[in-house]
Amino acid sequence: MNPTQLSVRRATVDDLAALKKIWETMRFPADDLEKRLTEFQIAENAGGEIIGAIGIHIIRQHSLLHSEGYADFSLADAARNLFWIRIQTLASNHGVFRLWTQERSPFWKSFGFQPPTAEVLARLPVEWKNEFDGGWLTFQLKDEAVITAALEKEFAQFMAAEKRDTDRVAEQARTLKTIITVIGFAIGILSFGVAIYLLIHRLPFLQTH
């Protein structure tokens with residue numbers, strides 16, 4: 001089989017029977033993985049036969065590669081190359097900062113996956129800490145610290161701009177209130193003056209009657 005004849009796509013319900021065979025061969029919990037079918041990407045040959053699959057679970061800025069299995073291990077590395085391209089595309093689309101896996105194939109280490117330091121391991125999503133035990137490998141796609149700092153800076157700038165806008169609106173409101181007060185005061189004086197004028201000019205008329 002020419003590796004260039006392989007293609008990768010998202011798994012569908014129609015792929016379930018073939019995937020179950022792979023999961024059972026790999027001694028994975030097929031019933032549990034069936035519920036997570038939408039996480040799987042599959043590699044198939046030109047004839048449409050599924051030769052391998054891998055799960056990609058995304059939580060916030062983290063992605064977990066799991067339950068990798070093959071019907072034909074002679075094509076595993078060729079499939080992994082295609083999976084890797086798809087993984088990077090999905091990670092980019094979902095804003096993923098870091099990849100995690102417990103897959104032990106040397107192939108993943110060749111891409112740069114390394115055991116995490118204690119500091120990095122602390123960033124592992126809590127949802128995976130009980131589901132998977134030890135043996136983690138990780139790969140940083142984006143510098144989390146730099147991005148976090150940039151986001152915090154942007155947020156601070158946004159809040160400052162919002163405060164300036166709020167202060168400007170408040171100042172405009174105070175100015176408008178002052179104008180309304182002055183106008184109201186002027187109208188009051190004018191009304192008082194008119195009342196006095198009418199009173200003065202009507203008194204002679206009233207006295208003659």
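## Inside a predicted fold

Q: Leaving aside its neighbours within four places in sequence, which residues is Ile 87 in contact with?
A: This is a predicted model, so keep in mind that every value here is computed. Contact means heavy atoms within 4.5 Å. With neighbours up to four places away in sequence set aside, the partners of Ile 87 are Ile 56, Leu 65, Leu 99 and Trp 108.

Q: How many residues does the largest nonpolar core have?
A: Nonpolar side chains in soluble globular proteins tend to be buried together. In this model, Phe 83, Ile 87 and Phe 113 have the most contacts inside the largest core. The residue count of that core is 23.

Q: Which element supplies the largest share of this core?
A: Strand S3 (50–59), strand S4 (62–70), helix H3 (76–93) and strand S6 (137–140) each give the core at least two residues. One of these elements contributes eight residues, the largest share, and that element is H3.

Q: How many residues are in the second, separate core?
A: You can spot this other core by looking for some of its members, including Leu 19, Trp 23, Ala 30 and Phe 40. It is separate from the core we just met, and its residue count is twelve.

Q: How many strands are there in the protein?
A: Start at the N terminus and read off the elements: β-α-α-β-β-β-α-β-α-α-α-β-α. The helices in that string number seven, and the strands number six.

Q: What percentage of the residues in the protein is buried?
A: To count as buried, a residue needs a relative accessible area under 20%. Of the 209 residues in the protein, the share that passes is 33%.

Q: Among contacts between residues at least 6 apart in sequence, what percentage joins residues at least 24 apart?
A: Think of this as asking how far along the chain the contact partners sit. Taking contacts between residues at least 6 apart, the share that joins residues at least 24 apart is 65%.

Q: Where does Glu 103 lie?
A: Strand S5 covers 98–101 and helix H4 covers 106–110. Glu 103 sits in the loop between S5 and H4.

Q: What is the nearest side chain of opposite charge to Glu 103?
A: Glu 103 is buried, yet it has no salt bridge. A salt bridge would need a suitable nitrogen within 4 Å. The nearest side chain of opposite charge is 6.4 Å away, and it belongs to Arg 80.

Q: Which backbone nitrogen does the side chain of Glu 103 reach at 3.0 Å?
A: Leaving out residues up to four places away in sequence, Glu 103 touches Leu 65, His 66, Ser 67, Glu 68, Trp 108 and Leu 137. One of these offers its backbone nitrogen at 3.0 Å from the Glu 103 side chain, and that residue is Ser 67.

Q: Which residue forms a salt bridge with Arg 80?
A: Arg 80 is buried, with 8% relative accessible area. Its partner is partly exposed at 40%. The two are about one helical turn apart because they are three residues apart in helix H3. Their closest N and O atoms are 2.9 Å apart, and the partner is Asp 77.

Q: Is Thr 101 buried or exposed?
A: Thr 101 has its place in strand S5. Anything under 20% relative accessible area falls in the lowest class. Thr 101 comes out at 0%, so it counts as buried.

Q: Which backbone oxygen does the side chain of Thr 101 reach at 2.9 Å?
A: Among the residues that Thr 101 touches are Leu 64, Leu 65, Phe 113 and Trp 136. The Thr 101 side chain also reaches the backbone nitrogen of Glu 103 at 3.0 Å. At 2.9 Å, the backbone oxygen that the Thr 101 side chain reaches is that of Leu 65.

Q: How many salt bridges does the structure hold?
A: Arg 9, Asp 15 and Glu 44 are linked in a network of them. Arg 36 and Glu 39 also meet in a salt bridge, at 3.1 Å from N to O. For the whole structure, the number of salt bridges is eight.

Q: How many residues apart are Glu 34 and Lys 20?
A: Glu 34 and Lys 20 form a salt bridge, with their closest N and O atoms 3.0 Å apart. Glu 34 belongs to helix H2 (residues 30–34) and Lys 20 to helix H1 (residues 16–25). Counted in residues, their separation is 14.

Notes
Residues numbered from 1 in each chain as written. Predicted model: local features only at pLDDT ≥ 70, side-chain atom pairs only at ≥ 80, totals over all residues. Heavy atoms only, no water. Core = buried A, V, L, I, M, F, W, Y, C linked by side-chain atoms within 4.5 Å. Buried < 20%, exposed > 50% of the residue type's maximum accessible area, 1.4 Å probe, protein only. Helix = DSSP H or I, 4+ residues; strand = E, 2+ residues; numbered from the N terminus. Lys, Arg positive; Asp, Glu negative; His and termini not counted. Polar contact = N/O pair within 3.5 Å; in protein donor to acceptor, adjacent residues only side chain to side chain.
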